[in-house]
Amino acid sequence: MVPRIKVENISKCYRIGQKSASGNDPRYRMLRDVLMDAIKAPIRNLRSGAALGRVEEFWSLSDVSFEVNEGDALAIVGANGAGKSTLLKILTQITTPTKGHADLKGRVGSLLEVGTGFHPELTGRENIFLNGSILGMTRSEIKSQFDEIVDFAGIEKFIETPVKRYSSGMKVRLGFAVAAHLDLEILLIDEVLAVGDAEFQRKCLGKMDQVAQSGRTVLFVSHNMAAVENLCPRAILLDHGRLLLDSTSRDVVSTYLSRLGTTTGQRDLTDPTIARGGTGKAKFEHIELKNLAGSSAGKLGMGDGIHFHTVVNADQEVRGAFVNFIISDSRGDLITIIHGSDQGDTTFDLVPGKRQTVDCRLPRLNLHPGIYAVSIEIRSGYNLKAVDHVERAVDFEIIPADVFGTGKHPKKAQKIFLESEWSVTPV
Amino acid sequence: MSDMLMEDAETNAAQADAALAKPPQANRGTVIRPRSGWAFVNVGELWRYRELLFFLTWRDVKIRYKQSLLGITWAVIQPTLYMVVFTIIFGKDAKDMPDGIPYPLFSFSALILWTFFSTGIAQAGNSLLMSSPLVTKVYVPRLTIPFASVGSALFDFFVAFSVLMLVMVFYVNFSSADTSGVIVGPIMLMVFPILFLTILLALGVGTMLAALNVAYRDFKHTIPFLVQLWMFSTPAIYMSTAPPPAAVQKNDVTEEGSAQQNPLANAATEKEAASADSKGMGLWQWAKKGLQLNPMNGLIASFRAALLGHPLPWKELGYSTLMVILGFIFGCMYFYRLEPKFADII
């Protein structure tokens, strides 16, 4: 078997740190900064003694190698910031590796976003041609498959309507329809399935399965573990830019989940390697899960109460801040958001340099046994922008308990249970 | 109802399957290696994506004229307004125009080429930032993006050019041969090579601006300013750069005469120039010399001359050609050098 994709020692380094003269993110250089740096640099170097080029390096990928054969579907699994998207961006040539090389045999198509290059003013027909040519189709290929694309997207009536009048669902369908008709040997897909409704997601999964069945090579990045196991027999696990495991997707998924399982119930969040989002004006420093008795607990019985305890430290002022606790299952599917403003009506002002604790108690957790993840975020009450966001900050495990008082448990896996009162009366 | 939907989905899937089952036509491979430093542009790849270039150009043209009140006439309005302004300001010296070209024709013929060039570089300069999803979400040779911007400006040029043709026909038919300033002849065909050179220059400058714009975020504020400044440095647009006959003779002597053969004579002409300086005319002369470094001067003067059938200023055109080729190669290579970083910094 010939490897379709051969990746050897791919590494990618981003430069971070060392703020420029104006304190801007060094990625967004201003001409002004360059000029200021040029003036300041000699003085700074005199002071700090040859600190030239003290740029902090961040290796988003280091020494990743693997091969994918013709007709294989490989999933790339890993936490946020593990380097999955970087790897995909390198393989699609969007960005170049710092070291190493990769060889891809055959035509490569990528789906990092559905409908790239769609222009709202153009009609559906015009956008099909535009998007098709961006994805690398020739005009004659698009022409010959035009009717099928329109059919697949189900937008016959609106083909001469500008895309700006489409619903978001129609746009996504049209974008996927064009991509699905790409005639190629290698398909690289990133989380596109995260968009669209359940119906559409099923259609996409079916389509991708078909692509893999028809001898194409598929590389699939996703947080959706169910989709990974369904679609790809094989998977690789990335962790902090390194390839940790290359095995069957069942193995990889379980390793991934168990590694994430920090079920000690607390975590220090000041670790700089934690991937986080938001403006960064304030940051979580610590999270702890407690039982209602007040002791730290990573394991809770079904139906027990839980107490979230976090410490927030502010760098800059944030007014009207609130904290959300986001509970999802181990596959990454959202279960519920415990919203600090909508549910708790607790907004507070963050003052620079001052710490604050935020506590939230849930009297009863109606979750079935399993591992659950808690993501946390601070939002600003004014623009609702995320100030800090830590995905999967801590996990907890629900262990079976006789909540129903029947001594029985359901066999079928499920997530939540609801209190119920029954009556059976003969009539 | 849902059953029908399912059926639909299945037939769709079957059709799509048929499409996928077709043998892939070209077995292209991709080799991914680190790239940094200067390298020559991958021309073959650019050629493979020529249809994309067409579609992007077509998109830019379509979008510009969709939902705009005056539509395509915008392409004519800008050079026409400039022409009116210039005719009011400079038109009174129209009698001094060489070879009796009417001033409106004199300025309009230059302005359509200048409008193409300035629109082209300004649009190309902003093109990458405007279509950042094309840079961060998919791979296409990024050179196609600023190239397409120049392409759409070229479309405008041809619209304005047809209007200019009408104006010329008007002048030729309704005024005598002396006053129309248009001499119909084969030299007119030189318009096309000169246009081609202008396209190359717009591509070179446009791609360089696009790359700089991504690398340095505040560069976009300098682009309109740069275009303005460049227009003022291109006096060929609005005034005759041909020196009066006496000066021509003198210039010929100083520049080409015995200068190269005899160093002593060279020194003598320098003295002569210095004495001209002391007479107070020097600064203007030097400024004029400096402006000749601008290849647009030669291109515009040649374009106008060719269009109206007058003899071409070959020396300036030759010099401009050299600058254009250097500018085009440098612009593209600078862009190509920064290209690997675009997705990381845009």
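**Exercise 1. Two packed helices**

Task: In this predicted model, helix 5 (residues 103-130) of chain B and helix 10 (residues 222-232) of chain B pack at an angle of about 160 degrees, with their axes 10 Å apart. Determine how helix 5 of chain B is oriented relative to helix 10 of chain B, and describe the residues of their contact.

Solution:
1. Compare the angle with the cut-off: angles over 145 degrees count as roughly antiparallel. The angle here is about 160 degrees, and therefore helix 5 of chain B is roughly antiparallel to helix 10 of chain B.
2. State the handedness. The crossing of these two helices of chain B is right-handed.
3. Identify the residues that meet. Helix 5 of chain B brings B:Trp114, B:Phe117, B:Ser118, B:Ile121, B:Ala122, B:Gly125 and B:Asn126 against B:Ile223, B:Val227, B:Trp230 and B:Met231 of helix 10 of chain B.
4. Classify them. The contact of helix 5 with helix 10 of chain B has 8 nonpolar residues, 3 polar residues and no charged ones.

**Exercise 2. Two residues of helix 7**

Task: Decide whether B:Ser149 is buried or exposed, do likewise for B:Pro146, and list the contacts of B:Ser149 and of B:Pro146 beyond four places in sequence.

Solution:
1. Locate the residues. B:Ser149 lies in helix 7 (residues 144-174) of chain B, and B:Pro146 is also placed in helix 7 of chain B.
2. Apply the cut-off, which is under 20% relative accessible area for a buried residue. B:Ser149 has a relative accessible area of 4% and is therefore buried. B:Pro146, at 1% relative accessibility, counts as buried.
3. List the contacts. With neighbours within four places in sequence left aside, B:Ser149 is in contact with B:Asp60, B:Gln123, B:Ala124 and B:Ser127. On the same basis, B:Pro146 is in contact with B:Ala124, B:Ser127, B:Thr207, B:Ala210 and B:Phe335. B:Ala124 and B:Ser127 thus appear in both lists.
4. Consider sequence against space. B:Pro146 and B:Gly206 are 60 residues apart in sequence, yet 6.5 Å apart in space, C-alpha to C-alpha.
5. Turn to the whole chain. In chain B, 82% of the contacts with a separation of 6 or more join residues 24 or more positions apart. Chain B has 15 helices and 1 strand, and 44% of its 346 residues count as buried.

**Exercise 3. Backbone angles in chain A**

Task: State what is notable about phi at A:Asp63 and at A:Arg392.

Solution:
1. Recall the general rule: most residues other than glycine have a negative phi.
2. Examine A:Asp63. Its phi is positive, about 50 degrees, although it is not a glycine; A:Asp63 is found in strand 2 (residues 56-69) of chain A.
3. Examine A:Arg392. Its phi is likewise positive, about 50 degrees, and it is not a glycine. A:Arg392 is found in strand 20 (residues 386-399) of chain A and is buried, with a relative accessible area of 14%.

**Exercise 4. The nonpolar cores**

Task: Which residues touch the most other members of the largest nonpolar core, and which helix gives the most to this core?

Solution:
1. The largest nonpolar core has 163 residues, and A:Phe66, A:Leu91 and A:Leu219 touch the most other members.
2. Helix 9 (residues 191-215) of chain B gives the most to this core, with 16 residues.
3. Take A:Leu91 as an example. Apart from neighbours within four places in sequence, A:Leu91 is in contact with A:Val7, A:Phe66, A:Ala102, A:Leu104, A:Leu188, A:Leu219 and B:Ile32.
4. Another core, of 37 residues, lies apart from the largest one; among its members are A:Leu269, A:Met302, A:Val312 and A:Val323.

Terms used
Residues are numbered from 1 along each chain as its sequence is written. Chains are lettered from A and ligands numbered from 1 in the order in which they are written. This is a predicted model: local features need pLDDT of at least 70, side-chain atom pairs count only at pLDDT 80 or more; totals for chains, interfaces and linings use all residues. Side-chain values use heavy atoms; hydrogens and water are left out. Helices (H or I, at least four residues) and strands (E, at least two) are DSSP runs, numbered from the N terminus. Buried means under 20% relative accessible area, exposed over 50%, partly exposed in between (1.4 Å probe, protein chains only). Contact means heavy atoms within 4.5 Å. Axes are lines fitted to C-alpha atoms, for helices over the stretch in contact, and angles run from 0 to 180 degrees between N-to-C directions. Angles under 35 degrees count as roughly parallel, over 145 as roughly antiparallel, 65 to 115 as roughly perpendicular and the rest as oblique. A crossing is left-handed if the near helix is turned anticlockwise from the far one by less than a right angle, and right-handed if clockwise. Ala, Val, Leu, Ile, Met, Phe, Trp, Tyr, Cys and Pro count as nonpolar, Asp, Glu, Lys and Arg as charged, and the others, Gly among them, as polar. A nonpolar core is a set of buried Ala, Val, Leu, Ile, Met, Phe, Trp, Tyr and Cys residues joined through side-chain atoms within 4.5 Å.
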